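Welcome! Please have a look at the model below, and then work through the exercises with the solutions at your side.

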Amino acid sequence: MFLKLKNNLEILFFRSAKVLLNVVFRRQGDVLPAHILKKMDKNIFDEFARDVSSYDIPRIIITGTNGKTTTANLIGSAFRISGKKICFNANGANMPNGVFGAVIGCYSLNGKFIPELVLLESDEKVFPYIAAKIKPDTIVVTNFFRDQLDRYGEVNITVHNIKRVIKDILPAAFLILPADEPLASFIGYGLKNPRLYYGFKKDIKKGNDNDNDNDGSLRRSDMLNDAVSCPNCGNILTCEENYAGVSLKYSCKVCGYKNSAPDILAFHCGDEKICFDLKDLPRTFSFKRALSGEYNISNYMAAFCVLKHYGLSNETVIFAFENYITKFGRSYKKVINGIKINIDLVKNPAGFNGVLGKIAFKENPVNVLLAFSDRDADGRDVSWIWDTNFEKFVKKFNRVVITGLRPYDMALRLKTAGINSDNITVVYGIKKALRKIIELASKDNAEVFILPTYTELLRLKKYIR
Amino acid sequence: MPFTFKLSAIDLYPEVMNIYGDRGNVLYFKYRAGLYEIDVNIRNCSIGEGFDPEIVDIIFIGGGQDAEQMLIYKDFMDIKKRLLKEALEKDRIMLSICGGFQLLCDYYKTADSRTIEGISIFKGYTEAKTPRLTGNIATIFEDTGSVIVGFENHGGRTYLEKGQKCFMKVLCGYGNNGEDKTEGAKTGNFFGTYLHGSLLPKNFTFCDYLINTAVKNRYMISLGDIAAKKGINIDNTFEINARKDIKGLRHWTTATVV
């Protein structure tokens, strides 16, 4: 509604460039055309953002450290099943060029925005930039963990920047937040925005993923790796109960900041089934999960909150959740030569521990291929693997193949954790390493977990699909 | 008979000073000592807790987020300062990284010009500045001639007083301040440095140096003698190759001296 002729030409350029990249170069092609356009016209993102926000359609943004892509795709697939046309950066390109590329790509050549809904995944660091322009009416914050300190700096600063911009968005956005993660939960603290909190039911615990090895007595927050200080007053946050990387019970003894009461509670209810207890709705919602890993239950809950907020029927949501097709590298499963293969991106200690938690549930030890690199997009500092708790899962590792640019750092980490170095093989080059792990798995008849860092995941895609 | 030698390690504030993987130093120290059949007992020592400088052999402290470093500050000055000074006098070992290193200097000047007093084990001060100094780094530890590698990521610039010995000399990277080629500080057996990585796993000769110092202090025997007596031969392939994998440092890490 606000677009000028210049913008129409930009749409034409974008669409032509995208077709060229898709067809000729077989690349996804949202980022590069947006990058070029931004170089030519510095106001382009503002102009399109202003235009999009003038349409009376839902605008949803998902941000946080881990689980953004999966949560956004759960939401996207349900909306699509419901018949809605959506504008969505589904491929996870979540920096400004990727986000605005997805937006510009949804315009017709005569400058009309076609979709009925905008769904954007945003990197947490650029969220303030994107949210200030798009003015979302619903915001999901999955969690905040330390991630790539060399690039992003400290996580507390990110949290405060995000909170500040949300405060300024008018009309106030609807917030969907975890009750069990103190930093993301803090986004809603003291704000008047309408919101829903989701959390794990107290008796969620089962099996061997209980993080509390001691008697459960009150103690300092040594499991609260990324939020030892209270985000509200800076004093120590005390944590009494942990589960799968979140804190079922935390509190600040100085200012009183603590878990919010969840509106939606998840728990296991039989074979691969997850149930939600809802505070305001009379009956429990249940579905058979397509995504393994306890951390994915959080993603399911966040997606559920969004979908119910926009009035989708339980049937549609259940169908979408149960038939969800995993994205490559996010609880992705495949069978090659009769061998079960799992592919999970690993990028920070919290996410890595979550994936290792899945291995802990396996009856037999698994073979693992680690593709570990230190390119810019992976984080150039490899120190974070020393904060990942391999020690706890050593018995579940059978044979390990390691590749990438820094394989021996990982080999050294695993050796120190107690994995026999005779069971660790370093193979440079992802293609060869892949062949090796499959060969070993055939011999051992073992399930395989492939755990690449970000740039290695992109390389892996060429060989598995 | 394994583990006739026992060492005692203290990890200071592990739940607060832990964001850059510095726990790896503690894990690897224990692992490596174990290869020499030396048992290391690690005790976490946090707010409100003390330790006995007589019994302890080595003390570790890592780096934390700025906000969280303030959480431990009062306790550090009230309880740990006295114990650390005592430990220094008794020739105990300390390895302090990044934020932990800064606390052992004279003072830290924040971006808004506030001065936070340190415990002056190292004579020098730190000033908060931008941009952060990040990247792979190679240095030389002149006491042994070994090349030390790691990753640095710090906003603070540390300037040592003239009489204060630095820990290492920078070969490639920034070091204390990006200007004078000094890296870290050393007083007695107390070491301060900006190197993460974690530091000890990839610098196993320095780890051996620390273990050697500890067993000499406690048992008056050298690590070389222990290894010879027990016929211990350690395979360092992973360690050596991990050094060679570091982009931009190959010139230094392929040298014969590690």
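## Exercise 1: a turn between two strands

Asn337(A) lies in the loop that connects E12 and E13 of chain A; helices (H or I, at least four residues) and strands (E, at least two) are DSSP runs, numbered from the N terminus. Before going on, note that this is a predicted model, in which local features need pLDDT of at least 70 and side-chain atom pairs count only at pLDDT 80 or more, while totals for chains, interfaces and linings use all residues. Residues are numbered from 1 along each chain as its sequence is written, chains are lettered from A and ligands numbered from 1 in the order in which they are written, and side-chain values use heavy atoms, with hydrogens and water left out.

**Task.** Describe the backbone and the surroundings of Asn337(A).

**Solution.**
- Step 1: Look at phi. Asn337(A) is not a glycine, yet its phi is positive, at about 50°.
- Step 2: Check the accessibility. Asn337(A) has a relative accessible area of 66% and is therefore exposed (buried means under 20% relative accessible area, exposed over 50%, partly exposed in between, with a 1.4 Å probe and protein chains only).
- Step 3: Turn to the strands. E12(A) and strand E13 (residues 339-343) of chain A run antiparallel and are joined by 5 bridges; two strands pair if DSSP finds at least two bridges between them.
- Step 4: Pick out a facing pair. Opposite Lys334(A) stands Ile341(A) in E13(A).
- Step 5: Place the strands in their sheet. The open sheet has 6 strands with mixed pairing, in the order E12-E13-E17-E14-E15-E16 (chain A). Strand E12 (332-336) and strand E16 (424-426) of chain A are its edge strands, each pairing on one side only.

## Exercise 2: two helices in contact

**Task.** At what angle do helix H3 (residues 44-54) of chain A and helix H6 (residues 127-134) of chain A pack, and how far apart are their axes?

**Solution.**
- Step 1: Choose the descriptors. Two packed helices are described by the angle between their axes and the distance between the axes.
- Step 2: Read the values. H3(A) and H6(A) pack at an angle of about 50°, and their axes are 8 Å apart. Axes are lines fitted to C-alpha atoms, for helices over the stretch in contact, and angles run from 0 to 180 degrees between N-to-C directions.
- Step 3: Classify. H3(A) and H6(A) are therefore oblique to each other (angles under 35 degrees count as roughly parallel, over 145 as roughly antiparallel, 65 to 115 as roughly perpendicular and the rest as oblique).
- Step 4: List the residues. H3(A) contributes Phe45(A), Asp46(A), Ala49(A) and Ser53(A) to the contact, and H6(A) contributes Tyr129(A), Lys133(A) and Ile134(A); contact means heavy atoms within 4.5 Å.

## Exercise 3: salt bridges

**Task.** Which side chain does Asp41(A) meet in a salt bridge?

**Solution.**
- Step 1: Find the partner. Asp41(A) meets Lys6(A), at 3.0 Å from N to O; a salt bridge is a side-chain nitrogen of Lys or Arg within 4 Å of a carboxyl oxygen of Asp or Glu.
- Step 2: Locate both ends. Asp41(A) sits in the loop between helix H2 (31-40) and H3 of chain A, and Lys6(A) in helix H1 (residues 5-23) of chain A, so the pair links distant parts of the chain, 35 residues apart.- Step 3: Check the burial. Asp41(A) counts as buried at 10% relative accessibility, whereas Lys6(A) is partly exposed at 32%.
- Step 4: Widen the view. Lys4(A), Lys6(A), Asp41(A) and Glu47(A) are linked in a network of salt bridges, and the whole structure holds 35 salt bridges over all chains.

## Exercise 4: the backbone of chain B

**Task.** Is Cys98(B) buried or exposed?

**Solution.**
- Step 1: Locate the residue. Cys98(B) is in the loop between strand E4 (93-97) and helix H3 (99-103) of chain B.
- Step 2: Look at phi. Cys98(B) has a positive phi of about 50°, although it is not a glycine.
- Step 3: Decide. With 7% relative accessibility, Cys98(B) counts as buried.
- Step 4: Find a cis bond. The peptide bond from Gly197(B) to Ser198(B) is cis, with omega near -10°, and Ser198(B) is in the loop between strand E12 (190-193) and helix H4 (199-202) of chain B.
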